[in-house]
Amino acid sequence: MPDNEVRDYRHRSVLPFRAVPAEVRLLRRAAAAQLGRWGVPHAVEETELVVTELATNVIKHVGEGAAATLILILERGGERLRVEVHDKSRSVPSLSPAVCDDECGRGLHLLAAVTVNWGTVLTAMGKSVWCEITLGPERACRRTERAVAVLENYRTLCGVAQEGRLYDAVHRASAVELIADLLHWAAAGGHDPEDVLDQAQMHYEAEGGVAA
């Protein structure tokens with residue numbers, strides 16, 4: 001990590017792990033617990049998604065059982081959270097066009113939509129894939145912006161046409177399909193889809209219900 005980034009963090013947590021499905025579940029819980037200790041539990045939902053996607057990519061593209069490290073960095077001022085996953089491969093992921101059944105491609109597109117920024121840094125030992133999550137007052141607005149970006153991308157990936165006055169209707173239909181896909185993802189990962197919906201509703205109500 002560059003020196004200017006080292007000086008900019010307020011809190012830092014380093015969590016080594018093995019790239020296996022059982023470890024990903026434990027890693028997600030550990031990250032959520034750490035955010036609670038730092039006083040930013042409202043970022044758990046997005047952080048768990050980012051941690052799951054990054055750790056799963058290590059399993060798929062570096063190899064099951066590979067040694068890796070999750071690093072959480074809370075910036076000074078508490079406005080952003082940086083999530084990094086380090087592994088020993090120098091193969092760099094790319095955000096290329098993906099079709100609807102391309103799970104890896106869709107995962108990277110989802111990360112790009114739900115985070116404020118992401119990228120890859122080659123290191124002496126391999127690489128680090130990182131994402132930044134917004135925690136500040138602009139969070140509600142960012143949620144709306146991310147939702148629009150996700151829907152636009154989802155519509156494109158699935159080849160849904162869009163014309164003039166049908167714009168809102170197409171986005172509404174895409175939103176329903178995307179939510180259904182996410183519930184399928186939750187069930188496939190061993191989560192209760194209804195619990196996921198309940199937690200999403202709680203987050204929505206806790207943040208005022210309306211984006212600024």
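Why does K127 count as buried? At 5% relative accessibility, K127 falls in that class, because buried means under 20% relative accessible area, exposed over 50% and partly exposed in between (1.4 Å probe, protein chains only). The legends below start from this residue.

The model is predicted, so local features need pLDDT of at least 70 and side-chain atom pairs count only at pLDDT 80 or more, while totals for chains, interfaces and linings use all residues. Residues are numbered from 1 along each chain as its sequence is written, and side-chain values use heavy atoms, with hydrogens and water left out.

**View 1. K127 and its surroundings.** Here we meet K127 in strand β5, residues 127-134. Helices (H or I, at least four residues) and strands (E, at least two) are DSSP runs, numbered from the N terminus. Leaving out residues up to four places away in sequence, K127 touches ten residues that include V62, H86, D87, S91 and L122; contact means heavy atoms within 4.5 Å. With D87, the side chain of K127 meets in a salt bridge of 2.9 Å, N to O. This pair links distant parts of the chain, K127 in β5 and D87 in strand β3, 40 residues apart. D87 is buried too, with a relative accessible area of 7%.

**View 2. Strand β5 and its two partners.** Follow β5 along its length and you will find eight of its eight residues buried. K127, V129, C131 and I133 point one way, and S128, W130, E132 and T134 the other way. In a regular strand the side chains alternate between the two faces of the sheet. Strand β3 (residues 80-87) pairs with β5 in the antiparallel sense over eight bridges; two strands pair if DSSP finds at least two bridges between them. V85 has V129 as its bridge partner in β5. Strand β4 (residues 117-122) also runs antiparallel to β5, joined by six bridges, and V121 stands opposite S128. A hairpin of four residues joins β4 to β5.

**View 3. A salt-bridge network around E132.** The whole structure holds four salt bridges, each a side-chain nitrogen of Lys or Arg within 4 Å of a carboxyl oxygen of Asp or Glu. R80 and E132 meet at 3.0 Å, N to O. R80 lies in β3 and E132 in β5, 52 residues apart. R80 is partly exposed, at 29% relative accessible area, whereas E132 is buried at 9%. R82 forms a salt bridge with E132 as well, the closest N and O atoms being 3.4 Å apart. Salt bridges that share partners join R80, R82, E84 and E132 into one network.

**View 4. The largest nonpolar core and helix α3.** A nonpolar core is a set of buried Ala, Val, Leu, Ile, Met, Phe, Trp, Tyr and Cys residues joined through side-chain atoms within 4.5 Å. Of the 31 residues in the largest one, L54, L70, L81 and V83 touch the most other members. Its largest share, seven residues, comes from α3. Helix α3 has 13 of its 18 residues buried, so the helix is largely enclosed by the rest of the structure. Its end C-alpha atoms are 25 Å apart, which agrees with the 26 Å span expected at 1.5 Å a residue; that expected span is 1.5 Å times one less than the number of residues. G63, with a positive phi near 135°, follows α3.
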